[in-house]
Amino acid sequence: MLIPALQISDSESVGLEDGVLKSLKMNENKPGDSQNLGKWKLLLHYRNHGIWQRGKEEEGVYGFLIEDIRKEVNRASKLKCCICKKNGASIGCVAPRCKRSYHFPCGLQRECIFQFTGNFASFCWNHRPVQITSNNYKESLPCTICLEFIQPIPSYNVLRSPCCKNAWFHRDCLQVQAINAGVFFFRCTICNNSDIFQKEMLRMGIHIPEKDASWELEENAYQELLQHHEHCDVRRCRCKEGRDYNAPDSKWEIKLCQCCGSSGTHLACSSLRSWEQNWECLECRGIIYNSGEFRKAKKHVLPNSNNVGITDCLLEESSPKLPRQSPGSQSKDLLRQGSKFRRNVSTLLIELGFQIKKKTKRLYINKANIWNSALDGFRNKNFNPLYAIEVAYVIENDNFGSEQPGSKQEFLSLLMQHLENSSLFEGSLSKNLSLNSQALKENLYYEAGKMVAISLVHGGPSPGFFSKTLFNCLVYGPENTQPILDDVSDFDVAQIIIRINTTTTVADLKSVVNECSNYLEFIGCLRLITTLSDKYMLVKDILVYHVIQRVQEPFESFKQGLKALGVLEKIQAYPEAFCSILCHKPDSLSAKILSDLFTVHTLPDVKALGFWNSYLQAVEDGKSTTTMEDILIFATGCSSIPPAGFKPTPSIECLHMDFPVGNKCSNCLAIPITNTYKEFQENMDFAIRNTLRLEKEKNSHYIGH
């Protein structure tokens, strides 16, 4: 095979060939750098009176022997570039009687064409191949890749498709697409022809690498296509088994929207008589109506039509647990469902952690008064969330001022526990913001949001107690969120809503409204009752006021605090990932999880490690007085694995001692080396159980005083 000589750089000197060879090797090892690698292959593979590939592919550089390359370097160093007038012009035009030689970069600047096929021919600006078209286009046409308008006249920078008359491209756009698509997917953007199209583009100097397309190399790129939607999304689901229940060949079989397939309903929940009957979700129905096709349908009626009863309207509305969104926000949600938005929350938090600087800030924390000492530290004028956090535990009223190193993850874990049980939130398991005037005055809602952001980015635990309504308000906005009855923690208000909701006649509804008129008038929800259906709007108004409008000021303050370190922006960009850690507690620990979590850094004792694995299995089976969470707290100070992972990674040491020792600062667990497993288990249980009990009593004692 005929190949090109090497280009010589501006600094011709002794040892130049070694520098060129080194550059070739460096560029060869750059993964994914197809353009750079293609450039060097071109410089190595073309010269119509150059060198031969005498070796195997793995010998030398792509089969070209080192001695041959050095000879060509010496020969090319005597040739002068006709463009820059400097030596080292190893590439020449293949046209007969054309004596032009040039460097590769100079040739690109002068719009020479290099063919990446056949003999890797090169053409100067006077002899390069051209495209001929018989049509005269008077108006500009768009590039079918970038859609910018270009003058449809074939030139070096403007190319025409050989298989489609009106397909025009920028050369740069085509080259980028070829690099991304590779030889298997590079084709005409209009007719999808590949053979004729690639042949012409290779003739015009487009490099098409022999590789798979870049989008095919992305891990789990099409994972979402394997997911099948099985959820009833209408507002009032009648199925007692829940929205996810699906029983084929019955009225509780889930049917998907015939237009989008991303919303579903039980047959009974939308009054569908059979599986053959079509069903569209509200969003698709609105689109069909606006496009004019809805009027042609005989069996469908507008949701807000006067012919639709109140029951049907409720059945066809969106689920109250999902936000009602504007078209703009809906389009953003469609984007978020793409593969590039389905990202692991750990990866997202690690990315946020890259902004943390090496500079450290020490926080002096009193474990007996975790909240106030954390507030003092975070409000200190020298504190910066971008600094690495270092924790020192101090004892209140200690005249000696003694302090001891503390675990940052343990501190953040205790802080999140205190925040969950504080008066800033209300509710049992899933919590919403409360209305606390004193906390609002002291700007504590802002501090709470900042604490959550700091905990997530600095390797602490996630809250895990946000209600779906609070989360949706943060992501989609309060105006696009509809609360539910479970969000109401006030017993009296909940009773009023239940009484209104369960009325069956207009008279009963008016009676309940009259009894609660003072409260309804106070919150601005008192309305004239004319029909029984008025109760639904009344209940909605009460929920919106009590859960959202009443705490609007605390919400805005909390939201501002959550913006620290860019956390809120990340949550809004990847809501699906963050919902799993903000609204749900971590999964229970297992023996395998802990066994994989703790690594052995020192020379292990085989018997002790065997006892350790048996002990974990006994704890999981309930044969021990301790729990998996107790073991993790004993070693790291955390009851669960933080979303961003432990830093440093938890480790195990095997030491000749009677009882285990946990070092929470280094996340290290030292296990005892014993003669029998029974002794090992008893010592582990005794030490872990009593250590945690003493720490709890000590903190309670301090708090009591």
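**Exercise 1. Which element gives the largest share of the lining of the largest cavity, and how many residues is that?**

Solution.
- Start with the rule. On a 1 Å grid over the protein atoms alone, a cavity is a set of points where a 1.4 Å probe fits but cannot get out, and lining residues have an atom within 4 Å of a point. Grid points are joined across faces, edges and corners, and a volume is the space filled by probe spheres set on the points.
- Count. This rule gives two cavities of 30 Å³ or more. The largest has a volume of about 90 Å³.
- List its lining: N432, L433, T469, L470, C473, P478, V547, I548, V551 and F555.
- Assign elements. Two or more lining residues come from each of β15 (432–433) and α15 (468–476). Helices (H or I, at least four residues) and strands (E, at least two) are DSSP runs, numbered from the N terminus.
- Result: α15 gives the largest share, three residues.

The model is predicted: local features need pLDDT of at least 70, side-chain atom pairs count only at pLDDT 80 or more, and totals for chains, interfaces and linings use all residues. Residues are numbered from 1 along each chain as its sequence is written, and side-chain values use heavy atoms, with hydrogens and water left out.

**Exercise 2. Sort the linings of the two cavities by residue class.**

Solution.
- Fix the classes. Ala, Val, Leu, Ile, Met, Phe, Trp, Tyr, Cys and Pro are nonpolar; Asp, Glu, Lys and Arg are charged; the others, Gly among them, are polar.
- Largest cavity: eight nonpolar, two polar and no charged residues.
- Second largest cavity: about 30 Å³ of space. Its lining is E426, N432, L433, D487, H546, V547, R550 and V551.
- Sorted, that lining gives three nonpolar, two polar and three charged residues.
- Elements: β15 and α19 (534–547) each supply at least two residues of this second lining.

**Exercise 3. Which residues are joined with E410 in one salt-bridge network?**

Solution.
- Set the cut-off. A salt bridge is a side-chain nitrogen of Lys or Arg within 4 Å of a carboxyl oxygen of Asp or Glu. The structure holds 13 of them.
- Take the K367 pair. The side chains of K367 and E410 meet at 3.4 Å, N to O. K367 sits in the loop between β11 (357–365) and α11 (370–379), E410 in helix α12 (residues 408–420), 43 residues apart.
- Take the K664 pair. E410 also bridges to K664, at 3.0 Å, N to O. K664 lies in the loop between β18 (661–663) and β19 (668–672), 254 residues from E410.
- Check exposure. Buried means under 20% relative accessible area, exposed over 50%, partly exposed in between (1.4 Å probe, protein chains only). K367 is partly exposed at 22%. E410 is buried at 6%, and K664 is buried as well.
- Now a separate pair on α12. K585 bridges to E420, with the closest N and O atoms 3.0 Å apart. K585 is in the loop between α22 (575–582) and α23 (591–597) and E420 is in α12, so this pair ties together parts 165 residues apart in sequence.
- Exposure again: K585 is partly exposed at 45%, whereas E420 is buried at 17%.
- Result: bridges that share partners join K367, E410 and K664 into one network.

Methods. On a 1 Å grid over the protein atoms alone, a cavity is a set of points where a 1.4 Å probe fits but cannot get out, and a pocket is an open set with protein on both sides within 12 Å along at least five of seven lines; lining residues have an atom within 4 Å of a point.
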